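Open the model in your viewer and keep the selection panel at hand. The tour goes stop by stop.

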Amino acid sequence: MNNIRQKALFIIDNVYNKGAFLEEQLNIIKQSNISDRDFTFIKNITTGVIRNRTYLDYVIKINSKIRFKKIHKIIAIILEMAIYQYYFLDKIPNYSIVDESVKLAKLYGNKGSSSFVNAILRNIVSKDKEVVKIEDSIENLSVYYSHPKFYTKYFYENYGVELTKNLLKANNQEPDFVIRVNTLKTKKDHLYKLLKDENFNVIDGLVPDSLIIENPKNIFDTQAFREGFFYAQDFSSIKVSQILNPKKNSTILDLCAAPGGKSTHLGAILENTGQIVACDKSLYKLDLIKDNAKRLGVSNIKVSINDASKYNNDFEDKFDYCLVDAPCSAIGLYRKKPDIKWNRSLEDIKNLAQIQKNIINNAGRYVKKGGVLIYSTCSLSYSENEGVIKEFLDRNKNYKILTIEGKDILKLFPFDNYDGFSICKLQRLY
């Protein structure tokens, strides 16, 4: 019995059936006594299975004489793991895939389970990869690319089939590892050379002060990290602060700041002038902001415990800029967190939109006349972005949109190598 497959099975079961988060489960495994090779294998299988869940289940359904709903959950995961290895991984012999899966089925099922697993897998590995044949186009795309149907339907109906295909495909690819150069402590050219000298493969990023690290293993053990020369942050997140582009000596409210990526970036843009009030309702998360600010040498951040959904009279008309990086469904992060596909529903998104509307309406009262408010989410949905902004403008006639790259709401898409983000820039007129 290959113990690493057991660990992968436990993780997937915890994510599917016990409400666990994949990233947290992998971190727990990583902290245990496990080799780099075994951890990489577990991460690959768990992420790959969860990322391709619907397609893998489709393959099981069309090859099984037993109705899918009648298959025990653990046995279904064992089959998913096997099919993923066969379809998506190289260098694993078919006999090994079948043999290890049968052993798992014997351990967690019964004699009938192991026979079933053996028969279905021998059939699958004897032929080419299955093609999805579903007449409904939206259903077909949802199954083949393993996305929630509501997500596929929205983009299909609003953006067309080609963009939808490109988006779904990009969501299933591993994102680049991106860092932001901390300009308070170093320059991009210097950091580039420093990391190159330590045998990291470094290439230029999509936005200013960003780099892509192609082999990021152990990068957090480097002297460059310890000295605060960089912060791991996606292009989309970096771009938010660059769009805000505050003037030196200004006051900024970062209303949903943890863990501090955007706050510390704004501190660097301000060159430690002015003041940034970084808020969160969790003391633990405020400590994360403090720790990041200390490492990065950002001295103009003041942390404040605050629930963004509740109006705070102390903030009224106090800030030149306000950043609302709103709590959201995070469905723009499918590349990094594929489990979000299966633990966020359309109803969740609608409920979050109500919270977002409350937060931005509070934020609108905190900005000085002539000041700027940025609203951003790591979501591409209408209800969390266009819907929120429309209602805000209907209720707040003293605000107008400042276009970004000619758009009222800038959309950043994974097929352009960004996390899925929506960003809107607003100005208070009176």
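What follows is a walk through strands, salt bridges and a charged patch in a predicted model.

**Stop 1: strand β8**

Select residues 319-325. This is strand β8. Is the strand mostly covered or mostly open? Mostly covered: six of its seven residues are buried.

Now add residues 251-254, strand β5. Strands β5 and β8 pair in the parallel sense, over three bridges. To find the register, pick Ile-252 and look across to β8, where Tyr-321 stands opposite.

Next add residues 367-377, strand β9. How many bridges join β8 to β9? Six, and these two strands also run parallel. Show Phe-319 as sticks. Opposite Phe-319 stands Val-367 of β9.

**Stop 2: strand β7**

Select residues 301-305 for strand β7, then pick out Val-303 within it. Val-303 is partly exposed, because its relative accessible area is 22% and the buried class ends under 20%. Draw a distance from the C-alpha of Val-303 to the C-alpha of Asp-254. The two atoms are separated by 9.5 Å, although the residues lie 49 apart along the chain.

**Stop 3: salt bridges**

The structure holds 23 salt bridges. Here are some to visit.

Begin with helix α9, residues 149-159. Show the side chains of Lys-153 and Glu-157. They meet in a salt bridge, 3.2 Å from N to O. Why are Lys-153 and Glu-157 separated by about one helical turn? Because they are four residues apart in the helix. Lys-153 itself is partly exposed, at 39% relative accessible area.

Move on to Asp-204 and Lys-188. Their closest N and O atoms are 2.3 Å apart, and the two residues form a salt bridge. Asp-204 lies in strand β2 (residues 202-204) and Lys-188 in helix α11 (residues 188-197), so the pair ties together parts that are 16 residues apart in sequence. Colour Asp-204 by accessibility: its relative accessible area is 52%, so it counts as exposed.

Now select Lys-411 and Glu-386. What do their side chains form? A salt bridge, at 3.3 Å from N to O. This pair links distant parts of the chain, 25 residues apart: Lys-411 is in strand β11 (residues 410-412), and Glu-386 is in helix α18 (residues 386-395). Compare the cover on each partner. Lys-411 counts as buried, at 14% relative accessibility. Glu-386 is partly exposed, at 22%.

Last in this group, select Asp-234, Arg-335, Lys-336 and Asp-419 together. A network of salt bridges links these four residues.

**Stop 4: back to helix α18**

Return to helix α18 and select Gly-387. Is Gly-387 buried or exposed? Buried, since its relative accessible area is 15% and the cut-off for buried is under 20%. Draw a line from the C-alpha of Gly-387 to that of Val-207. The line spans 28 Å, and the residues are 180 apart along the chain.

**Stop 5: a positive patch**

Switch to a surface view. Select Lys-61, Arg-67, Lys-69 and Lys-70. Together they form a positive surface patch. Then show the cartoon for residues 53-63, helix α4, which contains Lys-61. With 49% relative accessibility, Lys-61 counts as partly exposed, because exposed means over 50%.

Technical notes. Residues are numbered from 1 along each chain as its sequence is written. This is a predicted model: local features need pLDDT of at least 70, side-chain atom pairs count only at pLDDT 80 or more; totals for chains, interfaces and linings use all residues. Side-chain values use heavy atoms; hydrogens and water are left out. Patches are made of residues with over 30% relative accessible area and no salt bridge: like charges are joined within 9 Å, nonpolar side chains (Val, Leu, Ile, Met, Phe, Trp, Tyr) within 5 Å. Accessible areas come from the Shrake-Rupley method with a 1.4 Å probe; for residues, only the protein chains shown count as cover. Lys and Arg count as positive and Asp and Glu as negative; His and the chain ends are not counted. The place of a charge is taken as NZ of Lys, CZ of Arg, CG of Asp or CD of Glu. Buried means under 20% relative accessible area, exposed over 50%, partly exposed in between (1.4 Å probe, protein chains only). Two strands pair if DSSP finds at least two bridges between them.
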